[in-house]
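This report describes the protein shown below, from its overall make-up to one sheet and one helix.

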Amino acid sequence: MSLFNLKTWVHYYVALLKRLGVVRFSLILAVAIISADSALQILIGMYFNEPLSTADALRSVLIGLLITPWAVYFLTVVVGDLEEARAHLDNTVATLKDMRQKDRIKTHELEKEIIERKTSQQKLVESAILLKSFLNTSPDLVFHRDLKSRFIICNKAMETLTGKTEKQLIGLTPFDLFPEDYAQQVVARDQTVKKHKKEQIHEYWLHFPNGQKAYFEVRTLPLFNSESVCTGIIGFGRDITERKKHQESIDKNIRDKTEFISTISHELRTPLNGIVGLSRMLLDEQLTSEQMKYLKTIHISAISLGNIFNDIINLDKLDRNRLNLITNKINMLDFIGDLKSLAFIQTEQKGLTLKFEQQEHFPDTVEADDTRLRQVLWNLISNAVKFTQTGTITMRCSCRPLNQNQVELCFEVEDQGVGIPKDQLDKIFAMYYQVEGNTFASGTGIGLAVSSKITKAMGGVISVKSKLGEGSTFKLTLAVNCPEEEHQEQHLQNNLPKLSILLVEDIELNILVTTSLLEKLGHKIDSAVNGAQALNMVAHHNYQLILMDIQLPDMDGYQITQKLREIHGNKLPPIVALTANVFADSKNFIDQGMDGALGKPLSVNPFNAIIQKLFVPSDKHQKTDFLLKTPMVEQTNSLFDQEMLLELMAFLPTSVILENVSLFEKLLPEYLDILDSNMVAKDQKGIVNEAHKIKGAAGSVGLKRIQGIAQQIQSPDLPAWWDNIDDWVALINSEFRSDITALKKWIVANGK
């Protein structure tokens, strides 16, 4: 401790005061002051050689006593202030230490939070990168649009579809990317999603920049914020082209099945029509009762077989929703008479009693599909006979007016057969269903199902009531129109012209039946069994009508018709197709250059109707129905256009021509891919445009066969264009490489 450091002495005295207390410290201080003063007096006296007097000593004591209280007071105040300052300082220091400790804790927590935030941000960035990578690797379209349908985010698949980057897409609307009609649909769906807050799903063909199409299933959903407010639209689009192709493949298989059934129908109906036609003609002859019985059996068996076949055909049509109803004027007197005759023949064969009840007055004619109606009633009668071993079959026919021009026909067929259990009544019209435990059940189990569907298609209803062991009652109701009264058919038939007709048919049985029928109507008939014979006979005779079978041994009816029109032009008489194809549409025959079509076996009323249209002038008949259509473009058997190529080779080097062929070979697969996508999309315009490209490119290098096939593909007006286009494209796919190889060899062999 330094003796000259005032601060040190102050601290010493303060410490001493605190330790000794005020009284003791005051006494000691007084003694110290008196002693110090006395010592000072002695030293001064010694220095000046003066003796120390009593007064001096008393003065020292007095000074010490006077100074000591003030010194003590001063020191006490100072000590108090210092103590207070020290306490305050200690409190401040303690507070600062506490604050420092808290700051250290907060700093540690802050550092920890900063580290966690950095970690979270890093994870968020990594998650965003992972999510973006995931979305970009997804083959599905992913996009986000705001409430104004402006794009905000999209993935790589969306970029590929639109041909634009994500940055370019941001801010664009559907109107900037898609055709206007589809863009309007997209915006409307976005508004629906926003309004109803529900998912919207649609399917659409979308176009890639290269012209290729893909079929997408697009889902759009609302995007919500933390407050459950819709802030935008999020969408996903999946390419379902392969699924669409699969469906197209299924449809093609159905078409193939249809073609097969059409072929079978022709093969089966040909002998069947002969049996029905000849037996019908023989029934008008004078026969013994036994012969008549056998002949009726033959006739009804053939008709039954025909009705079973009709069920199969109609089943296929119903599966494809292609059952075409043809409304005819039905003479109800003849219709009910025929119905009664057919029912009588069936019940008579089995020894059953037929009870036929006709109630109310029927109109003379009604409008309905007589063939389908007759088929349904035939099925009901056949079932009643099949399931009744003994007893009576009752058939009731009634009619109820609905309004001035419409009535409701009602037919009931009641049997006394085995009946149907109550728990199976709702299953009786199911496909292939047969009543369980019924020993009399036989057949295919499709008759009632087909009948129910046909009736429903005509706008009618079939119902059933039954009691097990007592019998069943099937009821058919059908609303039909009543046409205005017309001239009697017999009067019409008597006023039809008698014609010289050429029948082109290769099956002798059909020739016999058709010739007999037409000769009874007063017409003169010649027949030709093939195309060559038909061409020769038309050249040497002036026929007024030609009845043309389609399937002939040397050429088909279309080819014969085309040749006849090329040879005779406008001098040729009308040509009417004869077909056993139950799927045939008369428009197809007209498109092939014919003037109409009739089904086999030939019936009087349809034949007279077409004679009236063709030969009886009337404002009601539109000749446009029989206008000749442009014949199908002939497909050449030549692979390439040699004449054009030789002219081209006279001006261009062989190497240049070969380069052009190689370029075509490189581009054609891409053209075919785009054509395939248009075919799956059923985009006729796209098919025509792409086929036009192929045709032009093929023609430029001289590939004549490919050019001709492409010409057919780009001609949707050709008959059965949709049915044949798959085969045409498959033909190009399978043959273009060999055609190109042959063309290259020919160019090299004939080049300079």
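Buried residues, those under 20% relative accessible area with a 1.4 Å probe and only protein chains counted, make up 39% of the 752 residues in the protein. The model is predicted, so local features need pLDDT of at least 70 and side-chain atom pairs count only at pLDDT 80 or more, while totals for chains, interfaces and linings use all residues. Residues are numbered from 1 along each chain as its sequence is written, and side-chain values use heavy atoms, without hydrogens and water.

The protein has 22 helices and 17 strands, which are DSSP runs of at least four residues (H or I) and at least two residues (E), numbered from the N terminus.

One open sheet holds 5 strands in the order E2-E1-E5-E4-E3, with antiparallel pairing; two strands pair if DSSP finds at least two bridges between them. Strands E2 (151-154) and E3 (200-207) stand at the edges with a single partner each, so one side of each lacks a neighbour in the sheet. E1 (residues 141-145) pairs with E2 over 3 bridges, and Arg145 stands opposite Phe151 in E2. Helix H6 (residues 180-196) packs on this sheet and touches the strands E1, E3, E4 and E5.

Helix H14 (residues 531-540) has the buried residues Gly531, Ala534, Leu535, Met537 and Val538. The elements below are among those that cover them, where contact means heavy atoms within 4.5 Å.

| Element | Residues |
|---|---|
| Strand E13 | 500-504 |
| Strand E14 | 524-528 |
| Strand E15 | 545-549 |
| Helix H15 | 557-568 |

Notes. Buried < 20%, exposed > 50% of the residue type's maximum accessible area, 1.4 Å probe, protein only. Axes fitted to C-alpha atoms, helices over the stretch in contact; angles between N-to-C directions.
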